[in-house]
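Colleague: I am new to reading protein models, and I would love a slow, close look at one part of this one. Could you walk me through it?

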Amino acid sequence: MSKLLRADFARLWKTKAFWAGMAFTFGMGVTATMTKYRDMMTIKDYHPHIDNVLFSNCIFMPIVAAVFIGLFVGTEYSDGTIRNKIIVGRTRLSIYFSNFVVCMAALLMMHLANIGVIVVIGFPLVGNLEMPVSTLLFLGLLSIITLAAICALFLLMSMLIHSKASNCVAAILISLLLLVSAMMIWSSLAEPEYTDEYTVSYTDDEGENREEHVESRKNPRYLTGTKRKVYEFLWDFLPGCQMRQISTQNPEHPERLPWYSLSIIIVTTACGTVFFRRKNIK
């Protein structure tokens with residue numbers, strides 16, 4: 001296992017997808033920080049807090065993970081590296097876990113590169129912390145556990161799909177599905193139970209100004225009953241939804257998120273190792 005890890009990490013440092021991911025997350029951190037600084041300098045009486053953007057990259061990490069893992073693992077198949085590892089006596093279980101460790105380490109470095117540049121640049125330029133440090137550390141831990149769940153999910157796909165092109169396409173589509181579903185679920189749950197009262201001003205056909213008062217009414221798009229419970233479960237369970245909550249720094253049930261992520265890691269890793277051991281490596 002140690003030899004596999006050394007070999008995989010040696011290949012990681014030479015992988016363009018890894019350095020592209022590092023550059024992307026680093027650039028996103030710089031952009032988020034400079035946007036806050038520009039708003040502070042141009043908007044009167046606006047005093048932003050740098051921790052508001054500290055986890056802003058979380059919402060993009062599923063796409064970064066999909067592209068990187070798809071290319072990194074897919075290259076092993078296309079170059080025959082996995083077949084060679086098996087030929088020299090490496091077990092499929094050790095190959096799978098070695099890839100998980102290296103992919104997770106790469107994603108963690110990308111994630112920390114984003115947070116690090118926001119801390120280094122943001123505090124001198126913007127400063128101010130709105131949330132307690134303990135809360136930020138907890139959110140950081142949640143983001144890492146959720147990132148591990150995302151890594152486990154895409155590694156399962158990458159280890160079972162032989163074609164690098166098909167692997168990348170499938171992973172990107174799944175990552176986009178996670179993001180879109182997060183936005184749709186959040187939008188549905190955010191619907192108010194009743195519409196607000198309001199007054200409409202208009203001019204009638206005779207040119208006279210009139211006002212019409214519209215009372216509060218039951219919102220037909222408000223979710224109730226079992227459907228709402230299902231949406232609330234998906235909002236806490238799906239990794240894309242978890243990343244959305246962490247990016248806004250407002251998880252509704254923070255105590256549930258790590259357990260859901262751990263369950264995803266265990267199930268996807270168990271399925272991946274079982275199916276990979278039975279896979280025919282060409």
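In which helix is A270 found, and what surrounds that part of the chain?

Modeller: Happy to! Please keep in mind that this is a predicted model. A270 is found in helix α10, which covers residues 257–278. Let us start with the whole chain and then come back to that helix.

The protein chain has ten helices and two strands. Going along the sequence, the order is α-α-α-α-α-α-α-β-β-α-α-α. Its radius of gyration is 23 Å, well over the 19 Å that the globule rule gives for 282 residues, so the chain is more spread out than a compact globule. The C-alpha atoms fill a box of roughly 90 × 50 × 35 Å along the principal axes. Buried residues make up 43% of the 282 residues. Among contacts with a separation of 6 or more, 79% are between residues 24 or more positions apart.

Helix α10 gives us some examples of parts that lie far apart in sequence and meet in space. Take A270 itself: this residue and A152 are 118 residues apart in sequence, while their C-alpha atoms are 9.9 Å apart. Is A270 covered or open? With a relative accessibility of 38%, A270 counts as partly exposed, because that value falls between the 20% limit for buried and the 50% limit for exposed.

Now look for the aromatic rings. A pair of aromatic rings is described by the distance of the centres and the angle of the planes. The whole structure holds ten aromatic pairs. One of them is formed by Y96 and F276, a tilted pair with 6.3 Å from centre to centre and 50 degrees between the planes. This pair links distant parts of the chain, as Y96 sits in helix α5 (residues 92–125) and F276 in helix α10, 180 residues apart. Both Y96 and F276 are buried.

A second pair involving α10 is made by F233 and Y260, and this one is edge-to-face: 5.5 Å centre to centre, with 85 degrees between the planes. Here F233 belongs to helix α8 (residues 225–237) and Y260 to helix α10, with their positions 27 residues apart in the sequence. F233 is partly exposed, with a relative accessible area of 39%. Y260, at 21% relative accessibility, also counts as partly exposed; the cut-off for buried is under 20%.

Next, step back along the chain to what comes before α10. The loop between α9 (239–247) and α10 contains Q249. Just after α9, Q249 takes a positive phi of about 60 degrees, and Q249 is a residue other than glycine. Q249 is buried, with a relative accessible area of 11%.

Helix α9 itself is mostly covered, with nine of its nine residues buried. Among them are P239, C241, M243 and I246, along with R244 and Q245. What do these buried residues pack against? Their partners are α3 (61–78), α6 (133–160), α7 (164–189), α8 and α10. That brings us back to our helix: α10 is one of the elements that the buried residues of α9 pack against.

To put the picture together, α10 holds the partly exposed A270, and its ring residues include F276, paired with Y96 of α5, and Y260, paired with F233 of α8.

Terms used
Residues are numbered from 1 along each chain as its sequence is written. This is a predicted model: local features need pLDDT of at least 70, side-chain atom pairs count only at pLDDT 80 or more; totals for chains, interfaces and linings use all residues. Side-chain values use heavy atoms; hydrogens and water are left out. Helices (H or I, at least four residues) and strands (E, at least two) are DSSP runs, numbered from the N terminus. The radius of gyration is taken over C-alpha atoms; the globule rule is 2.2 Å times the number of residues to the power 0.38. Buried means under 20% relative accessible area, exposed over 50%, partly exposed in between (1.4 Å probe, protein chains only). Contact means heavy atoms within 4.5 Å. Rings of Phe, Tyr and Trp (its six-membered ring) pair if their centres lie within 6.5 Å; planes under 30 degrees apart count as stacked, over 60 as edge-to-face and the rest as tilted.
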